[in-house]
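Subject: Structure handover

Dear colleague,

I am passing on to you the structure that I have been looking through, together with some notes on what was found in it. Please have it open beside this message as you read.

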Amino acid sequence: MMKEIDWNSLGFHYTEPEYIVRAGYHNGAWSDPYATQDKYLHLHVSATALQYGQEAFEGLKAFRGVDGKIRIFRWRENAKRMARSAEGLFMAPVPEELFGRAIRLALDRNRELVPPYGTGATLYFRPLLIGTTPRLGVGPGQDFEFIVIPSPIGPYYPGKFHCTTFIVNRHVDRAAPFGTGQFKVGGNYASSFRATEAAHAMGLDCLFLDAKTHRYIDECSAANFIGIKNLSPTLSSREGAKASSYEYLTPRSSAILPSITNDSLMTLARERGIKVTRRKIRLEELADMCEAAACGTACVISPIDRVLDPERGKEYSFGSEPGPVLTDLYRALKDIQYGRAEDSHHWCDIID
Ligand SMILES: Cc1ncc(COP(=O)(O)O)c(C=O)c1O
């Protein structure tokens with residue numbers, strides 16, 4: 001039996017669930033997903049996940065809406081992305097139907113872990129796919145384990161929606177142009193740690209540039225980058241210029257993860273008449289932007305006040321408070337996730 005959770009003091013960290021869900025892939029076929037209280041794997045020491053990083057994961061959330069119903073946000077997109085990651089690492093893809101059944105089972109067995117509406121907390125799901133074949137010779141395995149770990153997490157912004165400062169690092173690259181950056185695989189994160197931990201030690205977050213030229217913005221360690229440009233600079237961004245006078249810019253790069261949050265925000269921006277452009281963005285172009293942010297499932301939007309480039313002696317500033325365009329998009333997406341606004345794109349699976 002789970003002990004009582006104090007939702008209001010739940011931090012932005014992992015809480016052990018009662019059940020996880022697992023399914024195995026052997027002899028070319030997936031088993032049915034099953035719920036278990038066993039959080040440990042009986043894994044061979046030579047498993048390809050351990051030896052060669054044959055591993056992929058996902059992250060998605062369920063929200064308790066204003067009407068008391070549970071909404072799972074765009075899980076099919078996570079299932080598709082995990083299938084692409086699996087193919088990228090030569091693993092058996094998890095069929096979308098199996099992915100969906102496993103999420104649903106993880107939810108049903110842990111219903112009491114869906115935080116109440118109004119706490120800002122959510123139930124996060126971490127789907128994980130690992131190679132389990134014992135193999136010391138370099139190469140992929142043929143056996144896999146799919147696991148869904150649910151965990152309630154507290155609000156990303158326990159207080160006020162606020163800005164973060166980012167720093168550029170040209171000495172550690174996250175992913176190569178034709179490497180695994182477009183896949184959600186553990187190796188990308190391990191290779192980011194030298195840069196992200198150095199940034200965190202200074203109270204900052206890390207913005208990665210493209211690994212080939214270090215001229216273009218790629219993304220953050222676990223979030224895409226968004227910049228807002230004011231196309232009518234006679235009106236300042238804080239004076240309520242019309243939506244059509246803004247441009248939403250986000251990097252096009254073969255080395256970044258296609259963010260589902262970014263895709264959702266782009267749709268909402270277009271609906272507001274904001275021009276949306278995905279292209280290569282030079283770091284110096286930050287000087288022409290009036291707002292900037294990182295975006296992803298964890299935060300939705302994490303506004304940026306400054307980007308520091310100490311090596312070039314440059315600093316790009318966007319104001320100390322979140323700007324109006326990104327604040328509006330942040331609220332719009334959260335309103336859909338919490339059932340406060342119409343879900344015209346059918347992004348949420350609603351569960352009574
Ligand atoms: C490297 C990276 N980029 C971007 C994102 C944002 O993606 P999403 O919006 O699908 O969470 C994440 C988080 O999953 C990430 O790890």
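To begin with one residue, Thr 48 lies in helix 1, which covers residues 48–52, and please keep in mind throughout that the model is a predicted one. Thr 48 counts as buried because 27 other C-beta atoms lie within 10 Å, where 20 or more are needed for a residue to be called buried. Once its neighbours within four places in sequence are left aside, Thr 48 is in contact with Gln 54, Gly 131, Thr 133, Arg 135, Pro 140 and Gly 141.

Gly 139 also belongs in this part of the picture, since its C-alpha atom and that of Thr 48 are separated by 7.9 Å, although the two residues are 91 residues apart along the chain. Gly 139 sits in the loop that runs between strand 7 (122–131) and strand 8 (144–153), and with 12 other C-beta atoms within 10 Å it is exposed, whereas Thr 48 is buried. Between the C-alpha atoms of Gly 139 and Leu 105, on the other hand, there are 33 Å, with their positions 34 residues apart along the chain.

Turning to the chain as a whole, its secondary structure comes to seven helices and 18 strands. Its C-alpha atoms fill a box of roughly 65 × 50 × 35 Å when this is taken along the principal axes. For 352 residues a compact globule would have a radius of gyration near 20 Å, and the 21 Å of this chain agrees with that. Of the 352 residues, 42% are buried, and among contacts with a separation of 6 or more, 71% come from residues that are 24 or more positions apart.

The chain is divided into two parts, domain 1 (7–153) and domain 2 (164–337), whose centres, taken over C-alpha atoms, are separated by 27 Å. Where they meet, 19 residues of domain 1 are in contact with ten residues of domain 2. On the side of domain 1 that touches domain 2, at least two residues each are supplied by strand 4 (55–57), strand 5 (60–64), strand 6 (70–73) and helix 2, and helix 2 gives the most, with six residues. This side of domain 1 divides into six nonpolar, five polar and eight charged residues.

The largest nonpolar core has 83 residues, and those with the most contacts inside it are Ala 102, Ile 103, Ala 106, Leu 129 and Leu 207. Both domain 1 and domain 2 contribute to this core, with at least three residues drawn from each. As a general point, nonpolar side chains in soluble globular proteins tend to be buried together. Leu 129, leaving aside its neighbours within four places in sequence, is in contact with Glu 55, Ala 56, Met 82, Ala 86, Met 91, Val 94, Phe 144 and Phe 146.

Which residues are around the ligand? They are Gly 59, Glu 219, Ala 222, Ala 223, Asn 224, Leu 257, Ser 259, Ile 260, Thr 261, Asn 262, Gly 296 and Thr 297. Helix 6 (residues 260–271) provides the largest share of this shell, namely three residues, and the shell divides into four nonpolar residues, seven polar ones and one charged one.

Two residues deserve a look for their backbone. His 214 has a positive phi of about 55 degrees although it is not a glycine, and His 214 is found in the loop between strand 10 (205–209) and strand 11 (217–220). Val 300, which is likewise not a glycine, has a positive phi of about 65 degrees, and its place is in strand 16 (residues 300–309). Is each of them buried or exposed, or something in between? His 214 is partly exposed, as 16 other C-beta atoms lie within 10 Å, while Val 300 is buried, with 24 other C-beta atoms within 10 Å.

Lastly, Pro 95 is found in the loop between helix 2 (75–88) and helix 3 (96–108). With 13 C-beta neighbours inside 10 Å, Pro 95 counts as partly exposed, and its C-alpha atom is separated by 8.7 Å from that of Lys 80, 15 residues apart from it along the chain.

With kind regards

How values were computed: Residues numbered from 1 in each chain as written. Predicted model: local features only at pLDDT ≥ 70, side-chain atom pairs only at ≥ 80, totals over all residues. Helix = DSSP H or I, 4+ residues; strand = E, 2+ residues; numbered from the N terminus. Rg over C-alpha atoms; globule rule 2.2 N^0.38 Å. Contact = placed C-beta atoms within 7 Å. Near = placed C-beta within 6 Å. Nonpolar A, V, L, I, M, F, W, Y, C, P; charged D, E, K, R; others polar. Domains from an automatic or database assignment. Core = buried A, V, L, I, M, F, W, Y, C linked by C-beta atoms within 7 Å.
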